[in-house]
Amino acid sequence: MELLSVGRVSGTHHLKGAIKVTSNIDDLEILNGNKVMVELSSGEIKILTIKKVAHMIDKKWIVEFEELTNKTDAGTIQNAVIKVRRDILGIEEDEFLANDVIGMKAITESGENIGEVVDIYETAAHDIYVIEDEEFETMIPDVEVFIKKIDFNKREMIVSLIEGMREKKKD
């Protein structure tokens with residue numbers, strides 16, 4: 001089963017083991033009582049149970065885990081990525097979160113690799129994918145005219161470009 005990244009641990013919160021999380025989703029409270037996978041920067045995996053979630057501001061949340069009872073324990077998962085099953089979030093197999101495409105290769109319809117998706121800007125109309133390689137930065141709106149196919153198995157995005165989308169990076 002595919003897991004989705006819902007946030008990153010940005011620090012500890014208090015002496016009882018709570019952590020601060022910068023979230024990729026709007027409502028982390030949906031995770032209350034669920035088990036999540038915590039992937040440490042070393043690659044080590046921990047399975048933890050969420051005891052309590054509280055909203056701070058914007059995309060910042062305070063999360064308490066049953067297994068973490070003090071600041072030292074909480075510090076061991078600093079910068080870890082929190083991942084959950086799709087079904088917990090209510091996301092169907094054919095749906096995806098915008099940040100699921102971060103790190104994907106972007107390839108034009110003619111087969112040219114133009115780089116990898118490094119960021120996503122949210123606008124009122126649609127998201128804009130930022131794609132970079134060594135030399136160029138490309139900004140592509142998430143609309144069918146330009147995003148032809150997203151292949152999650154191959155981690156590739158097939159795109160159609162028009163003049164002005166690709167700009168040489170400034171030194």
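Here's a walk through some paired strands and a charged patch in this predicted model.

Let's start with strand S3, which covers residues 35-39. S3 runs antiparallel to strand S4, residues 45-57, and five bridges join the two. You can pick out some of the partners yourself: Lys35 is matched with Thr49 in S4, while Met37 has Ile47 as its bridge partner in S4. To get from S3 to S4, the chain goes through a hairpin with five residues between the strands. Have a look at Gly43 in that hairpin, because its phi is positive, near 100 degrees.

Now follow the chain along S4 and into strand S5, residues 60-65. S4 and S5 are antiparallel too, and they pair over six bridges. Here Ile57 stands opposite Lys60 in S5. The hairpin of S4 and S5 has two residues between the strands. In this hairpin Asp58 is the one to check out, with a positive phi near 50 degrees.

S4 isn't the end of the story for S3, though: S3 also pairs with strand S6, residues 81-85. These two are antiparallel as well, with three bridges between them. To find the pairing on screen, look for Val38, which sits opposite Ile82 in S6.

Finally, step back to the loop between strand S2 (19-23) and S3, where you'll find Glu29. Is Glu29 buried, exposed or partly exposed? Its relative accessibility is 40%, so it counts as partly exposed. Glu29 also has company: together with Asp26, Asp27 and Glu122, it forms a patch of negative charge on the surface.

Note on methods: Residues are numbered from 1 along each chain as its sequence is written. This is a predicted model: local features need pLDDT of at least 70, side-chain atom pairs count only at pLDDT 80 or more; totals for chains, interfaces and linings use all residues. Side-chain values use heavy atoms; hydrogens and water are left out. Two strands pair if DSSP finds at least two bridges between them. Helices (H or I, at least four residues) and strands (E, at least two) are DSSP runs, numbered from the N terminus. Patches are made of residues with over 30% relative accessible area and no salt bridge: like charges are joined within 9 Å, nonpolar side chains (Val, Leu, Ile, Met, Phe, Trp, Tyr) within 5 Å. Accessible areas come from the Shrake-Rupley method with a 1.4 Å probe; for residues, only the protein chains shown count as cover. A salt bridge is a side-chain nitrogen of Lys or Arg within 4 Å of a carboxyl oxygen of Asp or Glu. Lys and Arg count as positive and Asp and Glu as negative; His and the chain ends are not counted. The place of a charge is taken as NZ of Lys, CZ of Arg, CG of Asp or CD of Glu. Buried means under 20% relative accessible area, exposed over 50%, partly exposed in between (1.4 Å probe, protein chains only).
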